[in-house]
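This report is for a reader who has not seen the structure before. Please look at the sequence and the model first, then read on.

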Amino acid sequence: MDPTNRPAVVIDNGTGYTKMGFAGNVEPCFILPTVVAVNESFLNQSRTTSKANWLSQHNAGVMADLDFFIGEEAITKSRSSNTYNLSYPIKHGQVDNWDAMERYWQQCIFNYLRCDPEDHYFLLTESPLTAPETREYTGEIMFETFNVPGLYIAVNSVLALAAGYTTSKCEMTGVVVDVGDGATHVVPVADGYVIGSSIKSIPIAGKDVTLFIQQLMRERGENIPLEDSFDVARKVKEMHCYTCSDIVKEFNKHDKEPGKYIKHWRGIKPKTGAPYSCDIGYERFLGPEVFFNPEIYSSDFTTPLPALIDKCIQSAPIDTRRALYKNIVLSGGSTMFKDFGRRLQRDLKKIVDARVLASEARLNGEIKFLVTTSGSKCSQPSYSKICCLVRWFSTCINT
């Protein structure tokens, strides 16, 4: 069947989650964790089988290719059975395991979307700093393994900017702040094209927020099972965290009215089935604070996200800076904290206003302007210098 008569398949592969669906839909059909569970027993059998017994080795390899799960099913299988090991094919926005990535695409197309890849065009996304070799390998898998009729690989930041393109707001120039689970990118886009030389990236993303919350709860001595601590921290981040305007005031609020601000988490231990509970206190606002004061999480990187956005815009061409400041788009699940955009706009405005005041003070203090009329005496030396300069320039041309 002609693929132009059918909607294109859209797959947005992220470090934490993958969103997939068909073109024209308002929302994705499926949102799954980007994880694959592979039966290690078949893989070990195919490695240890001797070359003489090639039939058993082949059968073990075929079973390893068939016995795997993705998404929530993979997480469930790894918890219920020790033979399944989890593999995360994407790390920090880049594909790290191509075998697992190919299996993940296979399950997405055939088991979830339930479509024939030969009858649909495909739209895939990639990170702004993806190498050309990665794009080539993605195309090789799609065309040779799945035999797709057409493929387009777009930068997810450009798609995020295009999502707000309406008849009332026809702007394809702006800065996209993409804060995902494994990577954070600040990407300037001018007229739909990425300004590659001005892209900024920081090694702090949503997974680091989860690890920081997990660390805070562990240091406070909360009674959380070790195997569930990461999942509990992730759910706390998604359900209870928010961005504060002043970290000192938030500490005072929690100390004065703990019953109002401290939340409680209840769960069941997976091994024994016994219930447990823990308190959620300062980590509610300290988690998202790592984007604005990263020194509380790590001493390796101390540049706040608003300062990084300002550096990104200042490194862009000067004729696009005003339009870039005017249109800053937030993208990614880690930007969905309450008041995250308001805090980002406030801190960014402080940086810009301080630079404008410093620039005005420097101009008023060091540079003086003197405008004279043609009838003043000081205009004669300036006129004679200009005449000498013109005569010298004409002499150089003639020689």
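## The chain as a whole

What percentage of the 399 residues of the chain count as buried? The figure is 40%. The model is a predicted one, and its chain has 15 helices and 17 strands.

The exposed surface of the chain comes to about 23,100 Å². Carbon and sulfur atoms supply 54% of that surface. Among contacts with a separation of 6 or more, 63% are made by residues 24 or more positions apart.

## A sheet of three strands

One open sheet has 3 strands in the order S5-S4-S6, and the pairing is antiparallel. Its edge strands are S5 (68-70) and S6 (84-87), each of which pairs on one side only. From one strand to the next, the twist averages 20°. In general, the strands of a sheet pair through backbone hydrogen bonds, in a parallel or antiparallel way.

Strand S4 covers residues 36-39 and is joined to S5 over 3 bridges in the antiparallel sense. Within this part of the sheet, valine 38 stands opposite phenylalanine 68 of S5.

## Helices on the sheet

Helix H3, made of residues 71-80, lies across S4, S5 and S6. Its direction is at about 125° to S5. Helix H4 (residues 98-112) also packs on the sheet and touches S4, S5 and S6. The direction of H4 makes about 75° with that of S5.

## Helix H6 and its surroundings

Which residues of helix H6 (residues 156-163) are buried? They are Asn156, Ser157, Val158, Ala160 and Leu161.

These buried residues pack against several strands. Two of them are S9 (122-126) and S10 (151-155). Strands S11 (174-179), S12 (184-190) and S13 (193-194) are also packed against, as is S17 (328-331).

## Two residues with positive phi

Most residues other than glycine have a negative phi. Asparagine 147 has a positive phi, near 55°. Asparagine 147 sits in the loop between helix H5 (132-145) and S10. Why does asparagine 147 count as partly exposed? Asparagine 147 is put in that class because its relative accessibility is 41%, and the class runs between the 20% and 50% cut-offs.

Aspartate 339 has a positive phi as well, of about 65°, and is not a glycine. Its place is the loop between S17 and helix H14 (340-366). With a relative accessibility of 31%, aspartate 339 therefore counts as partly exposed.

Technical notes
Residues are numbered from 1 along each chain as its sequence is written. This is a predicted model: local features need pLDDT of at least 70, side-chain atom pairs count only at pLDDT 80 or more; totals for chains, interfaces and linings use all residues. Side-chain values use heavy atoms; hydrogens and water are left out. Two strands pair if DSSP finds at least two bridges between them. Helices (H or I, at least four residues) and strands (E, at least two) are DSSP runs, numbered from the N terminus. Axes are lines fitted to C-alpha atoms, for helices over the stretch in contact, and angles run from 0 to 180 degrees between N-to-C directions. Contact means heavy atoms within 4.5 Å. Buried means under 20% relative accessible area, exposed over 50%, partly exposed in between (1.4 Å probe, protein chains only). Accessible areas come from the Shrake-Rupley method with a 1.4 Å probe; for residues, only the protein chains shown count as cover.
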